[in-house]
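Please work through the exercises below with the sequence and the model at hand. Each task is followed by a solution in steps.

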Amino acid sequence: MRKPVIAGNWKLYKTTDEAVALINGLIPLVKKAKGVEIVVAPVFTVLGKVKSAISDSPIKLAAQNCFWEEEGAFTGEVAPKMLVDAGCSHVIIGHSERRQYFAETDGTVNRKIKAALKAGMTGIFCIGETLAERDAGKTWEVLDRQLTGGLAEIPAKSLEALIVAYEPVWAIGTGKTATDDQAQEAHAFIRGALAKLYSRQVAETTRILYGGSVKPENIKGLMAMADIDGALVGGASLKADSFAAIVNYQE
Ligand code: PEP
């Protein structure tokens, strides 16, 4: 009942020509993918071009970040309604790189989620512990804090437009994937926390993606886990063949 989502985070990569080449290479390779939602998140500057390229395909467009205000004197920011205007249906919020390098907190993540939902977007809400936090036995405390803070004052109804991405920071871009069991354990914890914050029904219907060095070689094992509903893919989404192999994991 939870449709799997495979989302590609292109991070700070790809100029216009490179982005267009990547998406045009990807489209034919995922043409036959059934029962899976495909999302790509390029940099802001190429959203329009990528949107034109995917217009006849089921691939959906995401931004990698948004601001919480609708407009105003906020130089350098982009509002959710402007992302919708550029063709985005989804937006990644609270990625660990934004928390680490751009001082995002659970509070700012919460404001961004609310703004994205208000604009009618689907938020991909990222949470995950660092290696130091895992080693200190604080994984559950951190996930609980990020979930509670990020979702503060967000009503149960809005969770329909929210996807949670569990991304252990120690697995992002490091080549170290969480084992299938480690990932499943965290996903089950997150689903349990959603049940406590909202209800069993909300917990059972919310999609929880795993992110952290997902590759064609490990996607099958991860997707076989009961509480893993898809993947947020960084490095392996930058090449059409590896991202397509992840999307087509059921073949
Ligand atoms: C990410 O950017 O969200 C990510 C999981 O990156 P990678 O797949 O490269 O670890």
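The exercises concern a predicted model and proceed from the overall fold to single residues and the ligand.

**Exercise 1. Overall fold**

Determine whether the protein is as compact as a globular protein of its length.

Solution. Begin with the secondary structure, which comes to 11 helices and 8 strands. The radius of gyration is 17 Å, close to the 18 Å that the globule rule gives for 251 residues, so the protein is as compact as a globular protein of that length. Next, consider the extent of the C-alpha trace, which spans about 45 × 45 × 35 Å along its principal axes. Of the 251 residues, 52% count as buried. Finally, turn to the contacts with a separation of 6 or more: 72% of them are between residues 24 or more positions apart.

**Exercise 2. T122**

Classify T122 as buried or exposed, and identify its contacts outside its sequence neighbourhood.

Solution. First, locate the residue: T122 belongs to strand β5, which covers residues 122–127. Second, take its relative accessible area, 19%. Since buried means under 20%, T122 is buried. Third, list its partners, leaving aside neighbours within four places in sequence: T122 is in contact with S89, H90, V91, A161 and I163.

**Exercise 3. K176**

Assign K176 to an accessibility class and describe its surroundings.

Solution. The residue is placed in the loop between β6 (162–166) and α8 (180–197). Its relative accessibility is 48%. Because this value falls between the 20% and 50% limits, K176 counts as partly exposed. Not counting residues up to four places away in sequence, K176 touches W170, A171, G212 and S213. A C-alpha distance completes the description: K176 and V214 are 38 residues apart along the chain, and their C-alpha atoms are separated by 9.1 Å.

**Exercise 4. The ligand site**

Describe the residues around the ligand and state how much of the ligand surface the protein buries.

Solution. Start with the shell of 14 residues, of which K11, E167, G173, S213 and G234 come nearest. By type, the shell divides into 4 nonpolar, 8 polar and 2 charged residues. Then examine the polar contacts made by oxygen atoms of the ligand:

- E167 places a polar side-chain atom 2.7 Å from a ligand oxygen.
- S213 has a polar backbone atom 2.8 Å from a ligand oxygen.
- N9 has a side-chain N or O atom 3.1 Å from a ligand oxygen.

Lastly, the ligand taken alone exposes 290 Å², and the protein buries 95% of that area. S213, listed here, is also one of the residues that K176 touches.

Notes
Residues numbered from 1 in each chain as written. Predicted model: local features only at pLDDT ≥ 70, side-chain atom pairs only at ≥ 80, totals over all residues. Heavy atoms only, no water. Near = heavy atom within 4 Å. Polar contact = N/O pair within 3.5 Å; in protein donor to acceptor, adjacent residues only side chain to side chain. Areas by Shrake-Rupley, 256 points an atom, 1.4 Å probe, with all protein chains shown as cover. Nonpolar A, V, L, I, M, F, W, Y, C, P; charged D, E, K, R; others polar. Helix = DSSP H or I, 4+ residues; strand = E, 2+ residues; numbered from the N terminus. Buried < 20%, exposed > 50% of the residue type's maximum accessible area, 1.4 Å probe, protein only. Contact = heavy atoms within 4.5 Å. Rg over C-alpha atoms; globule rule 2.2 N^0.38 Å.
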